[in-house]
Amino acid sequence: QVQLVESGGGLVQAGGSLRLSCAASGSTNNAYDKAWFRQAPGKERDFVAAISWSGGNTYYADSVKGRFTISRDNAKATVYLQMNSLKSEDTAVYYCAATSGKEPYTRTYAAAQFTYTWWGQGTQVTVSS
């Protein structure tokens with residue numbers, strides 16, 4: 001069983017930056033592919049970014065490409081999402097997710113919610129304009 005805990009959310013002005021963290025616990029095996037999703041009020045949960053367990057593959061939603069960067073520190077069992085040039089439309093609850101799936105971690109697979117077994121409780125990001 002894996003527990004994921006997100007942190008780093010908050011209120012920021014448009015154009016500002018935030019860094020989200022997702023710390024994993026409960027397993028000594030850190031070979032999990034991980035991703036960030038977000039859900040805005042009244043909308044479905046959408047893919048934001050993903051990173052393979054080795055860090056060798058990263059994927060981004062078009063809406064955040066060039067502004068957000070996903071990274072990981074396996075020694076700390078933590079994945080990060082650096083968010084720059086934030087816009088009001090980035091306001092959402094951000095969720096971390098993890099999978100130990102055996103499928104090739106392609107962009108299509110990484111962006112699908114059904115790929116992930118474990119989810120965090122979410123952290124709120126609010127961008128004021």
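**T91 and the strand before its loop**

In this predicted model, T91 touches a set of residues that lie beyond its neighbours within four places in sequence: A40, P41, Q124, V125, T126 and V127. T91 itself sits in a loop, the one that links β8 (78–83) to β9 (92–99).

The side chain of T91 also takes part in polar contacts. One goes to the backbone oxygen of S88, at 3.0 Å. Another goes to the backbone nitrogen of V127, at 2.9 Å. V127 therefore turns up twice for T91: it is on the list of contacts, and its backbone nitrogen is what the T91 side chain reaches, a pair that counts as a polar contact because the N and O atoms are within 3.5 Å.

Now to β8, the strand on one side of that loop. How many residues of β8 are buried? The count is 5 of the 6, so the strand is largely enclosed by the rest of the structure.

Part of the picture around β8 comes from its pairing with other strands. Strand β3 (residues 18–25) runs antiparallel to β8, and 6 bridges join the two. Within this pairing, A23 has T78 of β8 as its bridge partner. Strand β7 (residues 68–73) pairs with β8 as well, again in the antiparallel sense and over 6 bridges. Here F68 is matched with M83 of β8.

β7 and β8 also make up a hairpin, with 4 residues between the two strands. One residue in the turn, A77, has a positive phi of about 50 degrees.

Definitions and conventions:
Residues numbered from 1 in each chain as written. Predicted model: local features only at pLDDT ≥ 70, side-chain atom pairs only at ≥ 80, totals over all residues. Heavy atoms only, no water. Polar contact = N/O pair within 3.5 Å; in protein donor to acceptor, adjacent residues only side chain to side chain. Contact = heavy atoms within 4.5 Å. Buried < 20%, exposed > 50% of the residue type's maximum accessible area, 1.4 Å probe, protein only. Pairing = 2+ DSSP bridges.
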